[in-house]
Amino acid sequence: MVAAAARATEVKAEGWLRGACAALAAAAALLVGLSTQTETVLLVRKKATVKDVQALWVLAMAAAAAAGYHVLQLLRCFYLGRAGGVNPCRRSSRALAWICLLLDKACAYTTFATTVAAAQACVIALDGAHALQWTKLCNIYTRFCEQIAGSLVLGMLAAVGTAVLSAVSARNVVRLYPSPPATPPYAAH
């Protein structure tokens with residue numbers, strides 16, 4: 001009875017964390033995907049969008065995919081909560097547990113990598129690259145850059161949450177393998 005209650009609590013905690021990661025990733029995807037700003041530069045109207053920087057477009061797509069993945073896993077947690085907390089990633093098969101772990105790891109690494117790549121591209125937009133004769137863009141498109149910075153923070157928080165979830169999945173895999181029986185230190189060999 002106590003073990004079932006503990007499993008139900010674990011599933012609920014995982015569900016809350018997955019919900020938070022889904023919300024953070026979706027907010028990051030929406031914020032970066034919908035950010036635009038139009039400015040007049042030397043009598044020419046120019047519009048800054050996410051498609052101007054390839055890394056930002058990749059971040060928007062990866063964050064949207066991560067949000068979708070977390071929503072699917074959240075539905076799994078809702079199902080498990082109704083089924084009494086029995087975790088199929090722990091009970092039914094080792095293969096399924098490993099699949100859950102590998103998908104969580106892939107989501108964590110992808111979210112982290114795309115967020116860092118977008119941050120690197122944003123540093124160039126913020127400071128410019130004088131050796132390549134690229135000028136600063138954030139002094140022209142201030143609001144756009146602030147929105148992108150907010151999406152980078154949300155993306156990094158989603159990546160950290162996903163890394164924690166991958167640790168939970170790793171714990172579920174380890175639980176499937178029985179520990180060897182402990183031999184007392186004074187036992188004769």
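Select threonine 115 to begin: this residue is buried, with a relative accessible area of 1%, and its place is in helix H4, which covers residues 94–127. The model on screen is a predicted one, and the stops below are best read with that in mind. With neighbours within four places in sequence left aside, threonine 115 is in contact with Leu59, Leu152, Gly155 and Met156, so displaying those four residues together with threonine 115, which is buried because its relative accessible area of 1% falls under 20%, gives a convenient opening view.

Move next to threonine 114, which also lies in helix H4. Is threonine 114 buried or exposed? Threonine 114 counts as buried, because its relative accessible area of 12% is under the 20% limit. Its contacts, again without the neighbours within four places in sequence, are Val58, Leu59 and Ala62; Leu59 can therefore stay selected, since it appears in the list for threonine 114 and in the list for buried threonine 115.

Now colour the chain by secondary structure and zoom out. The protein comes to 5 helices and 2 strands, and from the N terminus on these elements run in the order α-β-β-α-α-α-α. Of the 189 residues, 35% count as buried. Among the contacts in the protein with a separation of 6 or more, 79% are accounted for by residues 24 or more positions apart. If a surface is switched on, its accessible area comes to about 11400 Å², and 70% of that belongs to carbon and sulfur atoms.

With the whole chain in view, select the spans that an unreviewed UniProt entry records as "transmembrane region", namely residues 16–34, 54–72 and 148–170. Over residues 16–34 the model is 95% helix and 0% strand, with the end C-alpha atoms 27 Å apart. Residues 54–72 are 100% helix and 0% strand, and here the end C-alpha atoms lie 27 Å apart.

For the interior, select Val32, Ala48, Val50, Leu56, Leu59, Ala60, Ala118, Cys122, Tyr141, Phe144, Ile148 and Leu152, the 12 residues that make up the largest nonpolar core. Helix H2 (54–82), H4 and helix H5 (142–176) are the elements that give two or more residues to this core. A second, separate core has 6 residues, including Ala25, Ala67, Tyr69 and Cys107. Returning to the largest core, which residues does cysteine 122 touch, not counting those up to four places away in sequence? They are Leu56, Ile148 and Leu152, and each of these names is also found among the members of the largest core.

Go on to leucine 154, whose place is in helix H5. Leucine 154 is partly exposed, because its relative accessible area of 21% lies between the limits of 20% for buried and 50% for exposed. Residues up to four places away in sequence not being counted, leucine 154 touches Leu24, Ala27, Ala28 and Leu31. Draw a distance from leucine 154 to alanine 28: the two residues are 126 apart in sequence, while their C-alpha atoms are 5.3 Å apart in space.

The last stop concerns aromatic rings. Select lysine 51 and tryptophan 57, where lysine 51 lies over the face of tryptophan 57 at 5.0 Å from the ring centre. How many aromatic pairs are there to look for, if ring centres must lie within 6.5 Å? The count comes to 0 aromatic pairs.

Notes
Residues are numbered from 1 along each chain as its sequence is written. This is a predicted model: local features need pLDDT of at least 70, side-chain atom pairs count only at pLDDT 80 or more; totals for chains, interfaces and linings use all residues. Side-chain values use heavy atoms; hydrogens and water are left out. UniProt positions are given in the numbering used here, feature names are shortened, and annotations may be inferred rather than shown by experiment. Helices (H or I, at least four residues) and strands (E, at least two) are DSSP runs, numbered from the N terminus. Rings of Phe, Tyr and Trp (its six-membered ring) pair if their centres lie within 6.5 Å; planes under 30 degrees apart count as stacked, over 60 as edge-to-face and the rest as tilted. A charge sits over a ring if NZ of Lys or CZ of Arg is within 6 Å of the ring centre and within 35 degrees of the ring normal. Buried means under 20% relative accessible area, exposed over 50%, partly exposed in between (1.4 Å probe, protein chains only). Contact means heavy atoms within 4.5 Å. A nonpolar core is a set of buried Ala, Val, Leu, Ile, Met, Phe, Trp, Tyr and Cys residues joined through side-chain atoms within 4.5 Å. Accessible areas come from the Shrake-Rupley method with a 1.4 Å probe; for residues, only the protein chains shown count as cover.
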